[in-house]
Amino acid sequence: MALPALISGGSKAVADLEALAEQAADFAAAAIAENTRLAYRKAFRTFTTWCGETGFDPLPAVPATVGLYLTHLATAGRTVSTMEQALAALAFVHRQAGEGFDTKHPAIANTFAGIKRTIGTAKMGKAPLVADDIRAMLATVPSSTVAGLRDRALILLGFASALRRSELMGLDLGRIGTGTGYIELTSQGILVHLMRSKTDQEGQGQMVGVARGRNMATCPVRAVQAWMQASAASAGAPLFRSVNRHGRAGAGRLSDRAAVDMLKRVAAAAAIDPERVAGHSLRSGHATTAAQAGAAEDTIQRQLRHKKADTTRGYIRRATVFDGSSSAALGL
């Protein structure tokens, strides 16, 4: 960060100001979530590569360049969501560099509007893993191995809590850990404390309750307890950790990628198309299953911690599409 000119104060004042500048830079970097920052970095790197191949300047990028880049993405078969993320990344990088970036400029806005009208904006979502899918998947996961107990706990807690993947993988055993949240076992079930999340970037804290299951084989609380016991978990350790080929749980946190790979592998074993499965499938599956079981929309919204009801409706639309359909009154 560039330092403002000092009127007086000497070398100590300069040193103090430099320290403040470093702290200000750290605060600025924390303005967006780490996953968002990584996504923006990747999107901007892709843009700069294209600029290098075509001879355009990436920073500052003039509107005509951005319009051509959007056209390139569209003709390459990229989705509207990918283009929206590219625009967000470009805007962020330009702001950080003190450069202007006007997404309403005709060269950008009109081009993007034309692309959306031409290729459509519908998102091809991943398939939700509903309760029947979860049972089928668990039938393929052994409860006699440490890795199997971990995978069962991860699937059941992820499904029952409806946590986002990053939230689930950031959980610790107790508050003294280094993750983004922790679990607390109570007589009613598991109380998940989230110290920071996608919808709580300022760290006000959120709590999510996971009730005990009716069936021993699919109870998320029993599954987590079995994994904790088998892995000799200690206070402050990551809840979900890697397991080596000798069946011993390591100290390191299981990565998001490893968790998704496990879900895909278990889904394939249960004859579920792994290409339609992602970490988000547990969360969307919770919403879909709850809606099919008659849970109220506001109850599902509270569990998913959506700020807007429209976001929740997007999750449960498929589950409720036949509710009140006038086609049932046609007498066919």
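In the predicted model, helix α2 (residues 34-54) packs against helix α4 (residues 80-96) at an angle of about 95 degrees, with the two axes 9 Å apart. At that angle α2 is roughly perpendicular to α4. On the side of α2 the contact is made by A39, Y40, A43, F44 and F47, and on the side of α4 by Q85, A86, A88, A89, L90, F92 and V93. Helix α2 also packs with helix α3 (residues 63-75), here at an angle of about 100 degrees and with the axes 11 Å apart, and α2 and α3 are therefore roughly perpendicular to each other. In this second pairing A43, T46, F47, W50 and C51 of α2 meet T65, L68, Y69 and H72 of α3. Residues A43 and F47 of α2 thus appear in the contact with α4 and again in the contact with α3.

The strands were examined next. Four strands make up an open sheet in the order β1-β2-β3-β4, and their pairing is mixed. The edges of this sheet are occupied by β1 (171-172) and β4 (206-211), each of which has a single partner strand, so that one side of each is left without a neighbour in the sheet. Two bridges pair β1 with strand β2 (residues 181-185) in the parallel sense, and within this pair L171 stands opposite G181 of β2. Helix α7 (residues 146-161) packs on the sheet, where it touches β1, β3 (189-194) and β4, and the direction of α7 makes about 115 degrees with that of β4.

Helix α7 is also the place of D151. The side chain of D151 meets that of R150 in a salt bridge, with a distance of 3.0 Å from N to O. With a relative accessible area of 7%, D151 is buried, and R150 likewise counts as buried, at 9% relative accessibility. Both values lie under the 20% that marks a buried residue. Apart from residues up to four places away in sequence, D151 touches V141, M262 and R265.

A further pair of strands was found outside the order given above. Strand β5 (residues 241-243) and strand β6 (residues 249-253) run antiparallel and are joined by two bridges, with V243 standing opposite A249 of β6. These two strands form a hairpin in which five residues lie between β5 and β6, and G247 in the turn has a positive phi of about 80 degrees.

The count of salt bridges in the model comes to eight, among them the pair formed by D151 and R150. Another is found between the side chains of R135 and D132, which meet at 3.0 Å, N to O. Both R135 and D132 belong to helix α6 (residues 131-138), where a spacing of three residues places them about one turn of the helix apart. In this pair R135 is partly exposed, with a relative accessible area of 45%, whereas D132 is exposed, with a relative accessible area of 55%. The surroundings of the pair in α6 may thus be set beside those of D151, which is buried, and of R150, which counts as buried as well.

A salt bridge is also formed by R302 with D298, for which the closest N and O atoms are 4.0 Å apart. Because R302 and D298 are four residues apart in helix α12 (residues 297-304), about one helical turn separates them. The relative accessible area of R302 is 57%, and this residue is exposed, while D298, at 43% relative accessibility, counts as partly exposed. The buried residues of α12, by contrast, are I300, Q301, Q303 and L304. Seen down the axis of α12, these buried residues fall within an arc of 165 degrees, so they line one face of the helix. Helix α12 is followed by R305, whose phi is positive, near 60 degrees. R305 in turn takes part in a network of salt bridges that links R164, E167 and R305.

Technical notes
Residues numbered from 1 in each chain as written. Predicted model: local features only at pLDDT ≥ 70, side-chain atom pairs only at ≥ 80, totals over all residues. Heavy atoms only, no water. Pairing = 2+ DSSP bridges. Contact = heavy atoms within 4.5 Å. Axes fitted to C-alpha atoms, helices over the stretch in contact; angles between N-to-C directions. Buried < 20%, exposed > 50% of the residue type's maximum accessible area, 1.4 Å probe, protein only. Arc of directions from axis to C-beta. Parallel < 35°, antiparallel > 145°, perpendicular 65-115°, else oblique.
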